[in-house]
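User: I'd like to go through how the labels on this model were decided. Can you take me through the reasoning?

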Amino acid sequence: MTSGMYLGEIVRQILIDLTKQGLLFRGQISERLRTRGIFETKFLSQIESDRLALLQVRRILQELGLDSTCEDSIVVKEVCGAVSRRAAQLCGAGLAAVVEKRREDQGLEHLKITVGVDGTLYKLHPHFSRILQETVKELAPQCDVTFMLSEDGSGKGAALITAVAKRIQQARKEN
């Protein structure tokens, strides 16, 4: 629901549903639109770029083999925005819950914490990081969360988890 790997596919599914309802692409579902994975997440980032005019959105859709009108481009841009916003808010809600729980567990009035973030969605999407940060701030107002982009976070994260698990395992053996 939140991974950049799947957001394009979520958009494609919505576009199929809207087309079936006759709201897009003159009600005609092309074979291209039926193709799983055709709508890559990078297209969301491109389409949501503030600099992108509707003609450029239409060009992207045509490159995907989707015969679109200007109205279709407006709807597709709205769908991309809704899917991205939802993903960022879901991530933000989960993160807010975690930092708020840490604040409560530590008995603090205010928690200042840094969170490492990894992923091209956070890094490259024009609005994802801002919406994520706004959501965390809104849902955990007593937590001051600083986000730090980690270029190789999954590798470091796996190593850190392994190290902690090894320490726990050793501690249990010693007791």
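Analyst: Happy to. Let's begin with a cut-off: helix axes at 65 to 115 degrees to each other count as roughly perpendicular. Keep in mind that this is a predicted model.

User: What makes α4 and α5 roughly perpendicular to each other?

Analyst: Their axes cross at roughly 90° and come within 9 Å. That angle falls in the range of 65 to 115 degrees, so α4 and α5 are called roughly perpendicular. As for who touches whom, L54, V57, R58 and L61 in α4 meet C70, S73, I74, V76 and K77 in α5.

User: Why are α5 and α7 called oblique?

Analyst: They pack at an angle of about 40°, with axes 8 Å apart. Under 35 degrees would be roughly parallel, and roughly perpendicular starts at 65, so this pair ends up as oblique. The crossing is right-handed. On the α5 side the contacts include S84, A88 and L95, and on the α7 side they include F128, L132 and L139.

User: How do you know that the length of α5 agrees with what a helix should span?

Analyst: With 36 residues at 1.5 Å a residue, α5 should span 52 Å, and its end C-alpha atoms are 53 Å apart, so the two agree. Just after α5, G107 has a positive phi of about 65°.

User: And which span does α7 have?

Analyst: Its 12 residues, 128-139, reach 16 Å from first C-alpha to last, close to the 16 Å expected.

User: What puts the buried residues of α7 on the same side?

Analyst: The buried ones are F128, I131, L132, T135 and V136. They cover an arc of only 135° around the axis, which means they share one side of α7. In general, an α-helix has 3.6 residues a turn, so residues three or four places apart point the same way. On the other side of α7, K137 and E138 are exposed.

User: What do those buried residues pack against?

Analyst: The buried residues of α7 pack against α5, α6 (120-124) and β2 (143-149).

User: Why does F25 count as buried, and why does R26 count as exposed?

Analyst: Buried means under 20% relative accessible area, and F25 has 4%, so F25 counts as buried. Exposed means over 50%, and R26 has 52%, so R26 counts as exposed. F25 sits in the loop between α1 (4-20) and α2 (31-34), and R26 is found in that loop too. Neither is a glycine, yet phi is positive in both: near 45° for F25 and near 55° for R26.

Conventions
Residues are numbered from 1 along each chain as its sequence is written. This is a predicted model: local features need pLDDT of at least 70, side-chain atom pairs count only at pLDDT 80 or more; totals for chains, interfaces and linings use all residues. Side-chain values use heavy atoms; hydrogens and water are left out. Helices (H or I, at least four residues) and strands (E, at least two) are DSSP runs, numbered from the N terminus. The expected span of a helix is 1.5 Å times one less than its number of residues. Buried means under 20% relative accessible area, exposed over 50%, partly exposed in between (1.4 Å probe, protein chains only). The arc is that of the directions from the helix axis to the C-beta atoms. Contact means heavy atoms within 4.5 Å. Axes are lines fitted to C-alpha atoms, for helices over the stretch in contact, and angles run from 0 to 180 degrees between N-to-C directions. A crossing is left-handed if the near helix is turned anticlockwise from the far one by less than a right angle, and right-handed if clockwise.
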